[in-house]
2 protein chains.
Amino acid sequence: MADLDPLVIFTPSGKRGRVARGTAVLTAARQLGVDLDSVCGGRGICSKCQVSPGVGEFPKHGVHVSATALSDFNEVEARYDRIRGLAKGRRLGCQARIEEDVVIDVPPESQVHKQVVRKRAEARDITMDPAVRLFYVEVEEPDMHQPTGDLERLQQALSAHWSLPDCQIDLPLLTRLQPLLRKGDWKVTCAVHQTAADAPAQIIAIWPGFMEAPLYGLAVDLGSTTIAAHMCDLKTGEVVASSGVMNPQIRFGEDLMSRVSYSMMNAGGADEMTQAVRTGMAALFAEIAAEAGTDTDHIVDVVIVCNPVMHHLLLGIDPFELGQAPFALATSDAMALRADELQLGLNAGARVYLLPCIAGHVGADAAAVTLSEAPDKSEDLVLVVDVGTNAEIQLGNTEKVLACSSPTGPAFEGAQISSGQRAAPGAIERVEIDPTTKIARFRVIGSDLWSDEPGFEQAIATTGITGICGSGIIEAVAEMRMAGLLDQSGLIGSAEQTGSDHIFADGRTNSYLLWDASAQGGARIAVTNGDIRAIQMAKAALYSGARLLMDKFGVDKVDRVVLAGAFGAHISPKHAMVLGMIPDAPLDKVTSAGNAAGTGARIALLNRAARAEIEATVRRIEKIETAVEPRFQEHFVNASAIPNSAEPFPILKSVVSLPQVDFNTGGSGGAGGGGRRRRRRG
Amino acid sequence: MADLDPLVIFTPSGKRGRVARGTAVLTAARQLGVDLDSVCGGRGICSKCQVSPGVGEFPKHGVHVSATALSDFNEVEARYDRIRGLAKGRRLGCQARIEEDVVIDVPPESQVHKQVVRKRAEARDITMDPAVRLFYVEVEEPDMHQPTGDLERLQQALSAHWSLPDCQIDLPLLTRLQPLLRKGDWKVTCAVHQTAADAPAQIIAIWPGFMEAPLYGLAVDLGSTTIAAHMCDLKTGEVVASSGVMNPQIRFGEDLMSRVSYSMMNAGGADEMTQAVRTGMAALFAEIAAEAGTDTDHIVDVVIVCNPVMHHLLLGIDPFELGQAPFALATSDAMALRADELQLGLNAGARVYLLPCIAGHVGADAAAVTLSEAPDKSEDLVLVVDVGTNAEIQLGNTEKVLACSSPTGPAFEGAQISSGQRAAPGAIERVEIDPTTKIARFRVIGSDLWSDEPGFEQAIATTGITGICGSGIIEAVAEMRMAGLLDQSGLIGSAEQTGSDHIFADGRTNSYLLWDASAQGGARIAVTNGDIRAIQMAKAALYSGARLLMDKFGVDKVDRVVLAGAFGAHISPKHAMVLGMIPDAPLDKVTSAGNAAGTGARIALLNRAARAEIEATVRRIEKIETAVEPRFQEHFVNASAIPNSAEPFPILKSVVSLPQVDFNTGGSGGAGGGGRRRRRRG
């Protein structure tokens, strides 16, 4: 054994092999294919290659490790420890040399491809592998006898030390190259963008000397209403700051179609909206960088997800064609751009990646949901619903994935509701109606107390009660149905019919009073039959889209339902099923994915391979256009009712028992349609 | 034979083969690899595939061609003939079908890779193969059931019909794609940029429908003093317009080093110069397009050649480093850019290609000269000299090529000469001095008459005689030497010594009067001993550079000399040799290449393969830096004298016999140095 080269075993990978005595740990790791980070290439500068050598018996590995297995702490390590501090037991992998058999642990922070753990049990972790990485190089000085350019010598260094062949550079960075190299005394840290190990590499930023500070990327969910951005450390994957702003395009129209109309009716309107959203994003990014204590110069990569209209408006493409059949996208593939093409105010070399669009109504945001929720990798049949002004619905498993978009309209976002408002402090978000007393209690955003609990009034003193938001109106309608205040056609019974003095006659229909502080100058919040109608339309659209996909898939039930989107996170699955928003599924199989689009953006930001993956997945998704599917109309007509227990919802029946009431007296045109349609179906 | 498929023979290629009866000529050409153009892909729209079928006996090919060998003139051809006219005997290759054995001639204008003939016998012709070509496609209309983007369907069409896989597109063009496709009713003509058949393809411009007009490219010679551009038809290779302007940077400094100084001494000076040259180029390009009767939107490709300082200033790189050893270029490789990165005011998608730089003092202009004069392909040893403020000198043959730059200074351009001026109307450009009478006669730019010929005074009435230009001063000095007015050290003899009453004492030295119209208020033009000194320095630099390369090559003579550059075209080889500007060579082996840099630009513009070729060639050229070569200094010291017949110039002796005179009386310090140096050498 004495003559054998020393054995090195790396944990946690378990990779092992014999290396020449005196080999540096970093070199050994590279030889054995162990994931050990290094930015400086082994010069003892970056400390990214820290390892924890073990000492003693390792019966599992069959080795004894002596205290002299690695070379002594050397001068470079001592200096590093003195200046920056090296945790006890840690060594710099580029300095410590292997003298005898040894077991070496690579801690997560020293792994290039570390795992970013996602909190939800069903979600896959993210493997760190960003498109932009830092490389420290020492560049040969110019020589009159070898008159290559500075760039060519930099390229040579990147190729020789980092196997990055033929790195290209943007012109604006090239113009700054010579002073940067000289300021760094021919040592520079380069940010290199490369979407795959064999893809072309691009030098996008250069700092003189060794640049300590982390690089950041942004995962951006560009919605019609809000723009949300998460700033991630491209080394650790950690979200270091998050922020959101209202989409400044709102002044051109609340919903997407009104923005499309604005561009149709105003020359230069699309450009105006493009400028507005770009300016808004740049401001948001500057703010988020400040919040994280850095500047936008350290933001080098951005992944944006958005619906097709926002996608086009962001790119400067008039969304005209998206406003009319056949809803042709200018481009559906993923886009790779420079951030300065979109004037986003980041590092001049920063890159932007837009996920592919699935169809004219199913955008990059839906693709991001696909990436996050991976229906294509699900063994059981999963329905993924992202609810917004349009609902993007996906149904699939490993066999295939279908997708469609359904025009739910803005009712779920509190618009078109008499007392509706956006989900903001003061909005009623949860509702319970006592089936006996028919009296409602509720919760308001900004407080955890129910309205009948002590201290509620004080808790809401600053916000007041200002209206009802999407999740609140859904619960209110479902609770009204369960309390017998509403029949299956969606008609509110009268005070007499229901025996509730919270019902009041309201024109030709009835309304239900949730809250009345008008005597004190506050709000009076009621659910009108018009509100019920709006919610019925929205939920019918959603349900019909899901049913259409089920038809196309050839199934009449799904194994599980994932509610995506900020709104999805707030919907109560029980109420959604009572309302008939989503097909029935066991209650514990209805989960919320939170902002899955944003998560998908983060995945694509942190793992470059996920980009190619989602591009391939999107190509395989079967797109269903609801607008041309006769069955969608058919489902829609049938879905406007609110289920009763006679309906074929066996699972729902186990959840609640719905009263069999019918308030349609024949005289009320407002709600009659639903009733007639129900009859036609029967 | 009757059952065999018909035989088709294409001329001039001689390619032949049997094709299925009824095959279109264009299809047959493609099957047999015959170079037959088509932009519309065989739809009878573009008429680029015109052919001339033969009829009768073709003993050479062993076939008889009957009048019915091709299908009858069809409706498409008839309509084309009616509307646009089809020359007699011509057929549209995409319409005419092969029924029987046939011989088909492809006229040059129907060949994609036609030859552009260069006038000089020793120069290779240019094979047309531009980087930008037009492709007409019909794009599938959008379909709700197949929701790909418009771009993806365009890409699909380019791939299916033209084997152009995965064409990319610039964002600004993408924003215009949807209306363009609809305006063209899903038929568009695309300009596609591709640097090689297997290189990535980029859609850079789109026109609705079939776009008739030609595309143009610019071959630009960006000099320190002037910017010259040739606009070429990218189909025929023809130069359709040429124009030049003064380089607007002149206001920052006449020569390059004064511009480098300007940037060093003025904050933002480099940017100011960058803006100036870009604005100047954009104005020139607009003018040249107007002159050609088109607009800049049809200019889609530009090749620029220039010296390293202009190269950097054009790109927006501060030329600081080029002003001091080790003269480091920011980048030496060829550059491919979008024209709008340089704000050149062309088609938004136009591309720019800059040839590689050879070294810090040997720029892309020298590389263009290499491409045009191809010393690397020469069997005999050729010295290529491009004379300007710096002389770029190349020496080589198929074995190897050496290159250097020599600081000749501006004397050859008429600067630093007492009566010097640029080569412009009114400048003396040719000089002859009668060896007996010592009286000069001369010619002036703007007239073909010599000053002693009848009608000369009228001929120059409008321009006058304003000064002496570079070629004029070279001839004057050489003629003065041959007439015995000048000794070998460069000293002008006195009136007494020379017996010429055109010599007059001028301070401590003498001057020679060429022309005196001062009595009439005109110019008085003399050659002073200071002028001689300036020319001696310049020619010594040039000669020393050539000698240095010869030393490095291990030769003491060259087989031929090529004088490149506008100036080179005006130098009389005999006078250049008398002066000792260039090493001796047989007079008939000294030729002018005209603006070889501009020609090199044109080659790279018209033939994309030439780009890769010159990039590879430049990498192989051995660069010699004169500044650090002791032998250059040595040669320089020895080369300031003007040869006499005792010098080892055997070939020169056959040209002229130089008088052995020495006017150095010991009292004239001005010329003594040269004399002393000569003695030191001996």
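**Rings, burial and the A–B interface: a conversation**

Modeller: Over all chains, the structure holds 12 aromatic pairs. Please keep in mind that this is a predicted model.

Biologist: Good to know. Why is the pair of A:Y136 and A:F210 called edge-to-face?

Modeller: The planes of A:Y136 and A:F210 stand at 70 degrees and the ring centres are 5.8 Å apart. Pairing asks for centres within 6.5 Å, and planes over 60 degrees apart count as edge-to-face, so both conditions are met and the pair is edge-to-face.

Biologist: And what makes this a link between distant parts of the chain?

Modeller: A:Y136 belongs to strand β12 (residues 132-138) of chain A, while A:F210 sits in the loop between β15 (202-208) and β16 (216-222). The two are 74 residues apart.

Biologist: How do you know whether A:Y136 is buried or exposed?

Modeller: The relative accessibility of A:Y136 is 3%. Buried means under 20%, so A:Y136 counts as buried. Its partner A:F210 has a relative accessible area of 18%, and is therefore buried too.

Biologist: Now to chain B. What makes B:F442 and B:F456 an edge-to-face pair?

Modeller: Their rings lie 6.0 Å centre to centre, with 80 degrees between the planes. Set against the limits of 6.5 Å and 60 degrees, B:F442 and B:F456 pair edge-to-face. This pair also links distant parts of the chain: B:F442 is in strand β26 (residues 440-444) of chain B and B:F456 in helix α9 (residues 456-459), 14 residues apart. Both B:F442 and B:F456 are buried.

Biologist: Which residues form an aromatic cluster with A:F442?

Modeller: A:F456 and A:W515 join A:F442 in one cluster.

Biologist: How do you know that A:R441 lies over the face of A:W450?

Modeller: A:R441 is 4.3 Å from the ring centre of A:W450, where the limit is within 6 Å, along with an angle within 35 degrees of the ring normal. There is another case in chain A: the charged end of A:R524 sits over the ring of A:F504, 4.7 Å from its centre.

Biologist: Let's turn to the interface. How many residues of chain B are in contact with chain A?

Modeller: 44 residues of chain B touch 44 residues of chain A. The two chains bury about 3,300 Å² between them, with 61% of it on carbon and sulfur atoms. On the side of chain B, the residues that lose the most area to chain A are B:M144, B:L171 and B:Q178, together 21% of what that side buries.

Biologist: Why is the meeting of A:E321 and B:R182 called a salt bridge?

Modeller: Their side chains come to 2.9 Å, N to O. The cut-off is within 4 Å, so A:E321 and B:R182 qualify. The count between chain B and chain A is 2 salt bridges, and the rule finds 20 residue pairs in polar contact across this interface (both at pLDDT 80 or more).

Biologist: Which elements of chain B give two or more residues to that side?

Modeller: They are α3 (150-162), α4 (171-183), α7 (308-315) and β20 (335-338) of chain B. Of these, α4(B) gives the most, with 6 residues.

Biologist: What makes helix α15 (residues 596-606) of chain A largely enclosed by the rest of the structure?

Modeller: 11 of the 11 residues of α15 are buried, so the helix is largely enclosed. Among them are A:A596, A:R602 and A:L606.

Biologist: How do you know whether A:L346 is buried or exposed?

Modeller: A:L346 has a relative accessible area of 13%, and with buried meaning under 20%, A:L346 is therefore buried. This residue lies in the loop between β20 (335-338) and β21 (351-354) of chain A. Not counting residues up to four places away in sequence, A:L346 touches A:L218, A:F285, A:T296, A:I299, A:V302 and A:A339.

Biologist: What makes the peptide bond between A:A325 and A:P326 worth noting?

Modeller: That bond is cis, with omega about 0 degrees. A:P326 lies in the loop between α7 (308-315) and β20 of chain A. In chain B, a cis peptide bond joins B:T11 and B:P12, with omega about 5 degrees.

Biologist: Finally, why is A:D166 called exposed?

Modeller: The relative accessible area of A:D166 is 57%, and exposed means over 50%, so A:D166 is exposed. Its phi is near 55 degrees, a positive value in a residue other than glycine.

Terms used. Residues numbered from 1 in each chain as written. Chains lettered and ligands numbered in written order. Heavy atoms only, no water. Phe/Tyr/Trp six-rings, centres within 6.5 Å; stacked < 30°, edge-to-face > 60°. Helix = DSSP H or I, 4+ residues; strand = E, 2+ residues; numbered from the N terminus. Buried < 20%, exposed > 50% of the residue type's maximum accessible area, 1.4 Å probe, protein only. Contact = heavy atoms within 4.5 Å. Buried area = accessible area lost by both parts, 1.4 Å probe. Polar contact = N/O pair within 3.5 Å; in protein donor to acceptor, adjacent residues only side chain to side chain.
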